[in-house]
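Open your viewer and get the selection tool ready. We will go from stop to stop, and at each one you will hear what to select and what is there.

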Amino acid sequence: MSKITETTLIINLNALEHNFRYMTSRLNPATKIMGVVKAFAYGSDSVVIAKKLTDLKVDYLAVAYVSEGVHLRKNGIKTPILVLHPQTTNFKEIVDYQLEPNLYSSLMIERFIAVAKEKNLSQYPIHLKINTGMNRIGLLPDAITTTTEQLYNTDTIVVKSVFSHLLASEDQENIAFAKQQIATFQTASNALIEKLGYAPLRHTLNTSGILNFPEAQFDMVRTGIGLYGFGNAPHFDKNLKPIASLKTIVSQIHHIKKGETVGYNFGFIADKDCKTATLPLGHADGISRAYGKGKGFVFINGKKAPMIGNICMDMLMVDITDIACVEGDEVIVFDQDHSAEYLAASISSISYELITSISQRVKKVVLTD
């Protein structure tokens, strides 16, 4: 691509395809795959990513909220979409846009059935989440009997899948807990299937689950962060390619005298003569105020430039005392060779938080070659 002239997020669809094929290579041939495209497809572009995944024959897509699913439908995405965390006020919209809700409590089931009856629906696909230890949302395993009684009394809905979520699938110190979750899910889902009289799809593995617990694939798996190039461990990361590169430019260079300040609230006071570069990128673009004051860095002409002072809303400053550069030079915040995981770790964060924080005002360029 041509030289960038402003802050730009570059989305590489070839990298996405590489990651998709790597994740599917870890699966049994019959295992279905659900691509998670919530949060603007982890800070990129949900429509662009969903279209590419559809071309790659993904079986399902998943979003967090109904509005995300509606956005995909309005942009021509026809692949089945699971809404992981719907609210009862959105049920009619779910039906209008042919989305599939996760009904995670008896109250949710009751209210969705009421909407289904009002709309004269038959066998509308819904999903059930079982809480196996995460304790966020989901039906408790011992509530399966009550749940199936609600489902028996209506033909307006049909259970398309039953699923759960591992709380530490990447954590080698808690393998026993993950295995217990898997066992609990298997027991509870078996009981549900027996009472329903038919077998919904079952899935409990996320990206790290796919990589660490291949024996628990069941009928389908969900992958989010893996599609975007992160495996939550160095030995898996080397097989994946981050799809997003965040780049910006040097707006202005300043020669700072000893004792002078840079940015808001005396966040940096020079202890010697130095040189700084101001970049058109700030916390409104997704670079948290937790960076700055020596935490966080960018790369300019192959050299690491630490962030200094307080991160501003629309700008940040870096120390370029030992870096030869001029105004207009390209700046790498993260890319395939400068991991977002590495940058996030400088403030004790994770790649998920950094990449999903990138503001929608940042220009996006999609690479297909």
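**Stop one: a strand with two partners**

Select strand E16 (residues 303–308) together with E17, and you will see the two pair in the antiparallel sense over two bridges. Keep in mind on this tour that the model is predicted. Now zoom in on Met 307: its bridge partner in E17 is Val 318.

Next, add strand E14 (residues 274–279) to your selection. E14 pairs with strand E17 (residues 316–319), again in the antiparallel sense, over four bridges. Which residue stands opposite Val 318 here? Ala 277 does. As background, strands of a sheet pair through backbone hydrogen bonds, either parallel or antiparallel.

**Stop two: the whole sheet**

Widen the selection to the open sheet of nine strands, which runs in the order E11-E14-E17-E16-E15-E18-E10-E1-E19 with mixed pairing. Which strands stand at the edges? They are strand E11 (252–256) and strand E19 (363–367); each has a single partner strand, so one side of each is left without a neighbour in the sheet. Step along the sheet and the twist averages 35° from one strand to the next. Then show helix H1 (residues 13–25), which packs on the sheet and touches strand E1 (8–12) and E19. The direction of H1 makes about 45° with that of E1.

**Stop three: a pair of helices**

Select helix H6 (residues 106–118) and helix H7 (residues 144–152). Their axes come within 10 Å and cross at roughly 5°. Angles under 35 degrees count as roughly parallel, and H6 and H7 are therefore roughly parallel to each other. To see the contact, show side chains for Ser 106, Ile 109, Glu 110 and Ile 113 of H6, and for Thr 146, Thr 147, Gln 150 and Leu 151 of H7. By class, this contact of H6 with H7 has three nonpolar, four polar and one charged residues.

**Stop four: the largest pocket**

Switch on a surface and centre the view on Lys 38, Tyr 42, Arg 136, His 165 and Tyr 352. Of the 34 residues lining the largest pocket, these are the closest to its centre. The pocket holds about 880 Å³ of space. Colour helix H2 (38–43), helix H9 (207–212), strand E9 (220–223) and helix H12 (351–356), since each supplies at least two residues of the lining. Which of them gives the most? H12 does, with four residues. Coloured by class, the lining divides into 15 nonpolar, 12 polar and seven charged residues.

**Stop five: enclosed spaces**

How many cavities of 30 Å³ or more are there? The count comes to two. For the largest, select Tyr 42, Ser 44, Tyr 228, Phe 230, Pro 242, Ile 243, Ala 244, Phe 334, Ala 340 and Ile 355, which line it. About 70 Å³ of space lies inside. Its lining has nine nonpolar, one polar and no charged residues.

For the second largest cavity, select the lining residues Lys 129, Ile 130, Asn 131, Thr 132, Met 134, Asn 135, Arg 136, Ile 137, Ser 164 and His 165. Here the space is about 30 Å³. By class, the lining of this second cavity divides into three nonpolar, five polar and two charged residues.

Methods. Residues numbered from 1 in each chain as written. Predicted model: local features only at pLDDT ≥ 70, side-chain atom pairs only at ≥ 80, totals over all residues. Heavy atoms only, no water. Pairing = 2+ DSSP bridges. 1 Å grid on protein atoms, 1.4 Å probe; cavity = no way out; pocket = protein on both sides within 12 Å on 5 of 7 lines; lining within 4 Å. Points joined across faces, edges and corners; volume = space filled by probe spheres on them. Nonpolar A, V, L, I, M, F, W, Y, C, P; charged D, E, K, R; others polar. Axes fitted to C-alpha atoms, helices over the stretch in contact; angles between N-to-C directions. Parallel < 35°, antiparallel > 145°, perpendicular 65-115°, else oblique. Contact = heavy atoms within 4.5 Å.
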